[in-house]
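Let's take a friendly walk through this protein, from its ligand shell to its core. Keep the structure open beside you as you read.

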Amino acid sequence: MHTMHTPSLPTSDLLLLFALTAPTTPIITKIKMTLISNVNDYQIVAKTKLPKALYEYLASGTDDEQTLAENIQAFKHWYLRPRVMRPVKDLSTVVTLFGHTMKMPVFCSPAGVHALCEPEQGECATAKACEQMGILFGLSQHSTRSIEQVQEAAPNCLKFYQAYILKDRQLTLRLVQRAIRAGYQGIFLTVDSVRFGYREADARNGFNALPAPHRLVNYDEPNTSSVQSTSNNSSGSSMEQTYNGAKHKAWDQNSELMFEQNLSWADVRWLKDQINAIAGQHHSRPIPLIIKGVMTAEDAQLALQAGADGIMVSNHGGRQLDACLASIDALPEVVDAVAGRAPVLLDGGIRRGTDVVKALALGATAVGIGKPMFFALAVEGQQGVLNTLQMLQQETQAAMALCGCRSVDEITRQLVTRHPNGTFGGRFFRAKL
Ligand SMILES: Cc1cc2nc3c(=O)[nH]c(=O)nc-3n(C[C@H](O)[C@H](O)[C@H](O)COP(=O)(O)O)c2cc1C
């Protein structure tokens, strides 16, 4: 660790020292915010602002937190091979995803409980920032604002709904139906969570229930539905009681009581058929199904065979299985297996424009952010998320220009390499502060 007397500290380290030592008063927070110059700076400030248990809930990973750290560090093992003397004046970061245009190849990954960081608006704040940026917003089944509230708050935002398959299949379907009826244009199915990762920090901190007054509001089922339940246990309130009443040592473990653990690729086929039927009922355009949490070539193949329209390489930000590859290192084998048949998305460790360019060079169509949006929300709400996305866009533009790429189509595999000696020259990066 550097000391205060070191004359040539980088700004980010000065900010770190300042943020960690200064008391959190409104004026100090304002000063800290003016110092924010990259995505990681929000995490530094959020750490000083949030209660310890909440910060650690957001920031930590499972077991030894190897995958949490490597998601970030692995980007440093990939190096750019810039091409020069190429025209980049009218550079554009625009990308097309399932026929939708996004202003840049970055989106907000579906992640639950935004209201823990932005109590006034929750997910509505994040969706509005995505709407301002012209990018995709992923809404988690475990959101703290409902499918319909988010639609109303950001009607012009491209939104995909993220489902988990519950033991109660009919409730799972009713939620998907609500999303399609409300205007969501795609479905993520998260498949890496048949059990929830055990984060020791949550157990130590006693973070074993969603703090009041926050609630997993989608289970309230405000509207009646044409899909009839066959279960006795489908009401929002009993679902919530199941979830919060379990009192495991760490809160996310409670999900195991709700989630189907006997899943197979036949369930993806089942969901795809149901989505097609629901989309038909609502005369919507085709609704793509993206399988989130694929980490191997084998599963990418099986997902496509089961009817998936897209694959998302993700290890849940290091919050599920520890000791698996960093997302960026799993990407090449998945891209090779998919072989251009479907878009491949990625999240995990995206913090810089150069990360975005490296992921696209390795074959991703677009990349998601998770933790950065929570930290930005905690510090500055919607404005913080917007600022985060703008910083990523500016950095992506700069990286593209310096690599000689005028459009995302010009970002190809030749643009990245491993270090010739197999070594890694980057300085240590703090994955978790
Ligand atoms: C607090 C928190 C809650 C999350 N909730 C969900 C969720 O409900 N569904 C899901 O598919 N992924 C969830 N994720 C994982 C993110 O979608 C994403 O995969 C991950 O955060 C990306 O890595 P990054 O945080 O390094 O950007 C969550 C992540 C965090 C940090």
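Helices here are DSSP runs of H or I with at least four residues, numbered from the N terminus. By that rule, Y57 sits in helix α4, which covers residues 52–59. Please keep in mind that this is a predicted model.

**The ligand and the annotated sites**

Start with the ligand, which has 23 residues around it. A111, S140, G317, G370 and K371 are the closest of these. By type, the shell contains six nonpolar, 13 polar and four charged residues.

Next, the record: an unreviewed UniProt entry gives the feature "binding site" at Y57, Y164, R199, H316 and R319. Two of these positions are worth a visit. Y57 touches D202 and F207, leaving aside residues up to four places away in sequence. R199 is found in the loop that runs between β7 (186–190) and α9 (200–205). With the same sequence neighbours left aside, R199 touches S60, G61, T62, A250 and R319. R319 is also among the positions that UniProt lists under "binding site".

Are Y57 and R199 buried or exposed? A residue counts as buried when 20 or more other C-beta atoms lie within 10 Å of its own. Y57 has 23 such neighbours and is therefore buried, and R199, with 28, is buried too. The table sets them beside A326, a loop residue described below.

| Residue | Place | C-beta neighbours within 10 Å |
|---|---|---|
| Y57 | helix α4 (52–59) | 23, buried |
| R199 | loop between β7 and α9 | 28, buried |
| A326 | loop between β9 and α13 | 24, buried |

**A contact across the sequence**

A326 lies in the loop between β9 (310–313) and α13 (327–338). Which residues does A326 touch, not counting those up to four places away in sequence? They are T67, E70, N71, A74, G348 and G349. The C-alpha atoms of A326 and I72 are 7.8 Å apart, although 254 residues separate the two along the chain.

**The nonpolar core**

In soluble globular proteins, nonpolar side chains tend to be buried together. Here the largest nonpolar core has 126 residues, and I311 and V334 touch the most other members. The element that gives the most to this core is helix α15 (residues 371–402), with 14 residues. Away from its sequence neighbours up to four places off, I311 touches I291, V294, A300, A303, V334, V338, A342 and V344.

**An enclosed helix and a covered strand**

Why is helix α6 (residues 123–133) described as largely enclosed by the rest of the structure? Because nine of its eleven residues are buried. These buried residues are E123, C124, A125, T126, A127, K128, A129, C130 and M133. They pack against β4 (106–108), β5 (137–140), α7 (147–153), β6 (159–163) and α15. Just after α6, G134 has a positive phi of about 70 degrees.

Strand β7 is mostly covered as well, with five of its five residues buried. In a regular strand the side chains alternate between the two faces of the sheet. In β7, G186, F188 and T190 point one way, while I187 and L189 point the other way. β7 runs parallel to β6, and four bridges join the two strands. One of the residues to look for is Q162, whose bridge partner in β7 is F188.

Key
Residues are numbered from 1 along each chain as its sequence is written. This is a predicted model: local features need pLDDT of at least 70, side-chain atom pairs count only at pLDDT 80 or more; totals for chains, interfaces and linings use all residues. A residue is near a molecule or strand if its C-beta atom, placed from the backbone, lies within 6 Å of it. Ala, Val, Leu, Ile, Met, Phe, Trp, Tyr, Cys and Pro count as nonpolar, Asp, Glu, Lys and Arg as charged, and the others, Gly among them, as polar. UniProt positions are given in the numbering used here, feature names are shortened, and annotations may be inferred rather than shown by experiment. A residue is buried if 20 or more other C-beta atoms lie within 10 Å of its own, exposed if 12 or fewer, and partly exposed in between; C-beta atoms are placed from the backbone. Two residues are in contact if their C-beta atoms, placed from the backbone, lie within 7 Å. A nonpolar core is a set of buried Ala, Val, Leu, Ile, Met, Phe, Trp, Tyr and Cys residues joined through C-beta atoms within 7 Å. Two strands pair if DSSP finds at least two bridges between them.
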